[in-house]
Amino acid sequence: QVQLVESGGGLVQPGGSLRLSCAASGISFRSYVMGWYRRAPGKQRELVADSTSGGRTNYADSIQGRFTISRDNAKDTVYLQMNSLQPGDTAVYYCNAKFVDVEQGRSTAYWGQGTQVTVSS
C-alpha cells in the first residue's frame with residue numbers, strides 16, 4: 001500500500017518560513033520523481049517543484065528563489081523549504097510521487113492527503 005504522508009503546514013506571517021515534509025512508503029522511492037503541488041482557493045492545482053532521484057529539480061516561476069525542494073533517498077522523504085512566504089502562497093500543498101515507464105509510455109502517480117499552508121498577518 002502506497003502512502004505519502006505530509007507534515008509541516010500551518011499558519012505563518014508574511015515573510016516567514018515553513019518546511020514541509022513528505023514521508024513515502026510502499027514505493028521504490030529512488031525510482032520516482034517526487035514533487036510538491038498546491039491548490040489555492042478557487043484555482044487549479046499547480047506544480048510548485050519536483051525533483052528526480054539524481055537531484056535534478058524544477059520550479060514554478062512564482063516561487064523561484066524562495067522555495068527549495070530536497071529529498072533524502074535514505075529516508076524516503078522529500079522536503080519543501082519555503083522562505084519569504086506571501087499571502088499568495090496560501091494553499092493546500094500536496095506531495096506527489098510519479099513513476100515514468102519510458103518503455104511502456106505511461107506513468108503512475110500517487111498523492112498525499114494535503115497539508116494546509118496559510119500566510120496571513
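Student: Quick one to start: are Arg66 and Asp89 buried or exposed?

Tutor: Buried, both Arg66 and Asp89. Keep in mind that this is a predicted model.

Student: What links Arg66 to Asp89?

Tutor: A salt bridge, with the closest N and O atoms 2.7 Å apart. Arg66 sits in the loop between β6 (57-59) and β7, while Asp89 is in the loop between β8 and β9, so the pair links distant parts of the chain, 23 residues apart.

Student: How many salt bridges are there in the whole structure?

Tutor: Three turn up in a search of the whole structure. Asp89 also has a salt bridge with Arg38, at 3.0 Å from N to O. That pair links distant parts of the chain as well, with Arg38 in strand β4 and Asp89 in the β8-β9 loop, 51 residues apart.

Student: And which residue does Arg38 meet at 2.8 Å?

Tutor: Glu46, again side chain to side chain, N to O. Put together, Arg38, Glu46, Arg66 and Asp89 are linked in a network of salt bridges.

Student: Why do you call Asp89 buried?

Tutor: Because its relative accessible area is 2%, and buried means under 20%. Arg38 is buried too, with a relative accessible area of 6%. Glu46 counts as partly exposed, at 35% relative accessibility.

Student: What about Gln44, where does that sit?

Tutor: In the loop between β4 and β5. Gln44 counts as exposed, at 72% relative accessibility. If you leave aside neighbours within four places in sequence, Gln44 is in contact with Arg38 and Arg39.

Student: Changing topic. How many disulfides does the structure hold?

Tutor: One. Cys22 and Cys95 form it, with their sulfur atoms 2.1 Å apart.

Student: Which parts does the Cys22 and Cys95 pair tie together?

Tutor: Cys22 lies in strand β3 and Cys95 in strand β9, so the pair ties together parts that are 73 residues apart in sequence. The link is left-handed, with -80 degrees about the S-S bond.

Student: Are those two cysteines, Cys22 and Cys95, buried or exposed?

Tutor: Cys22 is buried, and Cys95 is buried too.

Student: Who stands opposite Cys22?

Tutor: That's Glu6. Sticking with β3, Ala24 is the bridge partner of Leu4. Five bridges join β1 to β3, and these two strands run antiparallel.

Student: What's the strand order in the open sheet of four strands?

Tutor: It goes β1-β3-β8-β7, with antiparallel pairing. The strands at the edges are β1 (3-7) and β7; each has a single partner strand, so one side of each is left without a neighbour in the sheet. From one strand to the next, the twist averages 15 degrees.

Student: How many bridges hold β3 and β8 as a pair?

Tutor: Six, in the antiparallel sense. One example is Leu18, whose bridge partner in β8 is Met82.

Student: Which residues touch the most other members in the largest nonpolar core?

Tutor: Met82 is one of them, along with Met34, Trp36, Val48, Phe67, Leu80 and Tyr93. That core has 29 residues.

Student: And which elements give two or more residues to this core?

Tutor: There are strands from along the chain here: β3 (18-25), β4 (33-39), β5 (46-51), β7 (67-72), β8 (77-82), β9 (91-101) and β11 (115-119). As background, nonpolar side chains tend to be buried together in soluble globular proteins.

Student: Last topic, β9. How many bridges join β9 to β10?

Tutor: Six, and the two strands run antiparallel, with β10 covering residues 106-111. Within that pairing, Asn96 stands opposite Trp111 in β10.

Student: How many residues lie between β9 and β10 in the hairpin?

Tutor: Four. In the turn, Gly105 has a positive phi of about 65 degrees.

Student: Remind me, which residues make up that salt-bridge network?

Tutor: Arg38, Glu46, Arg66 and Asp89. The member that counts as partly exposed at 35% relative accessibility is Glu46.

Notes. Residues are numbered from 1 along each chain as its sequence is written. This is a predicted model: local features need pLDDT of at least 70, side-chain atom pairs count only at pLDDT 80 or more; totals for chains, interfaces and linings use all residues. Side-chain values use heavy atoms; hydrogens and water are left out. A nonpolar core is a set of buried Ala, Val, Leu, Ile, Met, Phe, Trp, Tyr and Cys residues joined through side-chain atoms within 4.5 Å. Buried means under 20% relative accessible area, exposed over 50%, partly exposed in between (1.4 Å probe, protein chains only). Two strands pair if DSSP finds at least two bridges between them. Axes are lines fitted to C-alpha atoms, for helices over the stretch in contact, and angles run from 0 to 180 degrees between N-to-C directions. A disulfide is a pair of cysteine sulfur atoms within 2.5 Å. Contact means heavy atoms within 4.5 Å. A salt bridge is a side-chain nitrogen of Lys or Arg within 4 Å of a carboxyl oxygen of Asp or Glu.
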